[in-house]
Amino acid sequence: MSKPNDGMTLPPSAPQRLRPGVLLPHGRFAWWYALLGAALTAGGLIGFIWLKIRWLPHSSFMDSASILSQGLLFVLAALLTPLLASRRVYAQDFPAPRGMLLWRTAVVLLVWIVMQAMSMWFERSVSGAEEASKQVARWLGLGQGVWPDVAVVLAVTVMAPLGEELFFRGLLYRSLRDGVARWLPMLPSAALGMVLSSLLFAVMHVGDGQDTQWPALFVMGILMALSYEWTGSLLAPMMVHALNNMLALAQAMALPDIQVSTDWMYTLTAASPLIVLAVGWGLLRALPNAPAAMPAADPQSAAPMPPPGSNP
């Protein structure tokens with residue numbers, strides 16, 4: 001296997017598309033970007049909680065805003081980390097290449113189907129897992145009014161896929177993968193990045209009442225990291241995540257003891273993957289392109305990247 005810093009991302013033949021480092025080339029992130037991003041997220045969350053408790057403890061607006069705040073914090077932390085670390089953030093850092101649409105769509109659908117099959121097996125095989133899913137659905141608090149329900153739907157089906165994928169896969173996974181790849185070949189460094197970022201992803205969701213489901217959440221993190229690696233596009237895990245959360249929320253709405261405030265909440269839930277696709281595409285494509293010395297995320301053009309902290 002070629003070294004991760006050789007800059008070669010030539011169009012692969014079909015059997016090579018799943019090889020780490022091909023469609024998602026070696027990037028410029030260092031391993032400590034993950035620590036900086038985690039610190040930014042923790043600081044933002046603590047600050048928002050302090051603001052709510054200190055100034056607006058009984059505000060219904062703040063209650064709805066707090067549901068949406070976590071996804072927004074993840075977005076800001078993911079984009080601010082490379083900006084603070086190296087004074088620049090590029091489209092190649094969070095790639096959304098245009099080509100190979102059918103291939104990337106097929107990977108998204110395949111990973112999503114595998115994820116659903118794994119989730120069904122887990123809930124049927126592990127004691128308490130199915131009831132935990134229902135408890136999480138009740139904990140969301142659907143049915144308290146139109147705008148609170150809109151906030152819940154957008155938080156679960158739009159902000160979570162956008163923010164968590166930018167942070168856990170776009171920042172944490174790629175930082176750990178590319179940072180370790182400075183000393184190891186790409187395959188073990190990608191595997192280590194998947195394991196660590198997916199473990200953090202699972203631990204973060206345990207606090208939402210999903211204590212018994214962390215093994216399934218860990219596997220979900222692995223699958224979404226694989227979709228990123230296999231497609232070279234951050235839109236792929238965003239779409240897998242959006243489809244998964246859309247289905248989970250639709251199942252929650254179907255529970256007999258949950259009644260949403262209005263019927264068009266079902267339409268908003270069904271449309272959420274399209275919203276994620278539109279917002280994610282617009283956000284990622286709005287980032288500036290790197291100088292010619294930095295390789296593009298698309299496999300058709302690539303060149304070696306400068307080390308973190310160096311001037312472009």
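Helix axes here are lines fitted to C-alpha atoms over the stretch in contact, and the angle between two of them runs from 0 to 180 degrees between N-to-C directions. With that in hand, start at H5 and helix H9 (residues 264-286), which pack at an angle of about 35 degrees with their axes 10 Å apart. The model is a predicted one.

**Stop 1: H5 against H9**

Select residues 264-286 for H9 and residues 146-180 for H5. The two helices cross in a right-handed sense. On the H5 side, show Val146, Asp149, Val150, Val153, Leu154, Thr157, Val158, Pro161, Leu162 and Leu166. Opposite them, H9 supplies Trp264, Met265, Leu268, Thr269, Ser272, Ile275, Val276, Val279, Gly280, Leu283 and Leu284. Colour this contact by class and you should find 16 nonpolar residues, four polar and one charged.

**Stop 2: H5 against H8**

Keep H5 on screen and add helix H8, residues 235-253. How far apart are the axes of H5 and H8? They are 9 Å apart, and the helices pack at an angle of about 155 degrees. Angles over 145 degrees count as roughly antiparallel, so H5 and H8 are roughly antiparallel to each other. The crossing of H5 past H8 is right-handed. From H5, the contact uses Val153, Val156, Thr157, Ala160, Pro161, Leu162, Glu164, Glu165 and Leu166. From H8, pick Pro237, Met238, His241, Ala242, Asn245, Met246, Leu249 and Met253. By class, this contact holds twelve nonpolar, three polar and two charged residues.

Leave Val153, Thr157, Pro161, Leu162 and Leu166 highlighted for a moment: these H5 residues take part in the contact with H8 and are also listed in the contact with H9.

**Stop 3: H5 against H6**

Now bring in helix H6, residues 186-206. H5 and H6 pack at about 145 degrees, with axes 8 Å apart, and their crossing is right-handed. Select Glu164, Phe168, Arg169, Leu172, Tyr173, Leu176, Arg177 and Val180 in H5. They meet Met186, Ser189, Ala190, Leu192, Gly193, Met194, Leu196, Ser197, Leu200, Phe201, Met204 and His205 in H6. The class count for this contact is 13 nonpolar, four polar and three charged. Glu164 of H5 appears here in the contact with H6 and also in the one with H8.

**Stop 4: two alanines**

Go to Ala77 in helix H2, residues 60-86. Is Ala77 buried or exposed? Its relative accessibility is 3%, so Ala77 counts as buried. Leaving aside residues up to four places away in sequence, Ala77 touches Gly37, Leu40, Thr41, Phe167 and Leu171. Draw a C-alpha to C-alpha distance from Ala77 to Leu166: the two are 8.9 Å apart in space and 89 residues apart in sequence. Leu166 is one of the H5 residues already selected at the contact with H8.

Next, select Ala252 in helix H8. At 5% relative accessibility, Ala252 also counts as buried. With the same exclusion of residues up to four places away, Ala252 touches Ala137 and Ile258. From Ala252 to Val136 the C-alpha separation is 8.7 Å, for a sequence separation of 116 residues.

**Stop 5: Val219**

Val219 lies in helix H7, residues 214-231. Its relative accessible area is 31%, so Val219 is partly exposed. Add Met118: the C-alpha atoms of Val219 and Met118 are 8.6 Å apart, with their positions 101 residues apart along the chain.

**Stop 6: the loop between H2 and H3**

Move to the loop joining H2 to helix H3 (101-125), and select Arg87. Most residues other than glycine have a negative phi. Arg87 has a positive one, near 65 degrees. Arg87 counts as exposed, at 63% relative accessibility. Met100 is in the loop between H2 and H3 as well. Its phi is near 55 degrees, again positive in a residue other than glycine. Met100 is partly exposed, with a relative accessible area of 22%.

**Last stop: the whole chain**

Zoom out and show the cartoon. How many helices and strands does the protein chain have? There are nine helices and zero strands. Of its 312 residues, 51% count as buried. The chain exposes about 14500 Å², and carbon and sulfur atoms supply 70% of that area. Among contacts between residues at least 6 apart in sequence, 79% join residues at least 24 apart.

Conventions: Residues are numbered from 1 along each chain as its sequence is written. This is a predicted model: local features need pLDDT of at least 70, side-chain atom pairs count only at pLDDT 80 or more; totals for chains, interfaces and linings use all residues. Side-chain values use heavy atoms; hydrogens and water are left out. Helices (H or I, at least four residues) and strands (E, at least two) are DSSP runs, numbered from the N terminus. Angles under 35 degrees count as roughly parallel, over 145 as roughly antiparallel, 65 to 115 as roughly perpendicular and the rest as oblique. A crossing is left-handed if the near helix is turned anticlockwise from the far one by less than a right angle, and right-handed if clockwise. Contact means heavy atoms within 4.5 Å. Ala, Val, Leu, Ile, Met, Phe, Trp, Tyr, Cys and Pro count as nonpolar, Asp, Glu, Lys and Arg as charged, and the others, Gly among them, as polar. Buried means under 20% relative accessible area, exposed over 50%, partly exposed in between (1.4 Å probe, protein chains only). Accessible areas come from the Shrake-Rupley method with a 1.4 Å probe; for residues, only the protein chains shown count as cover.
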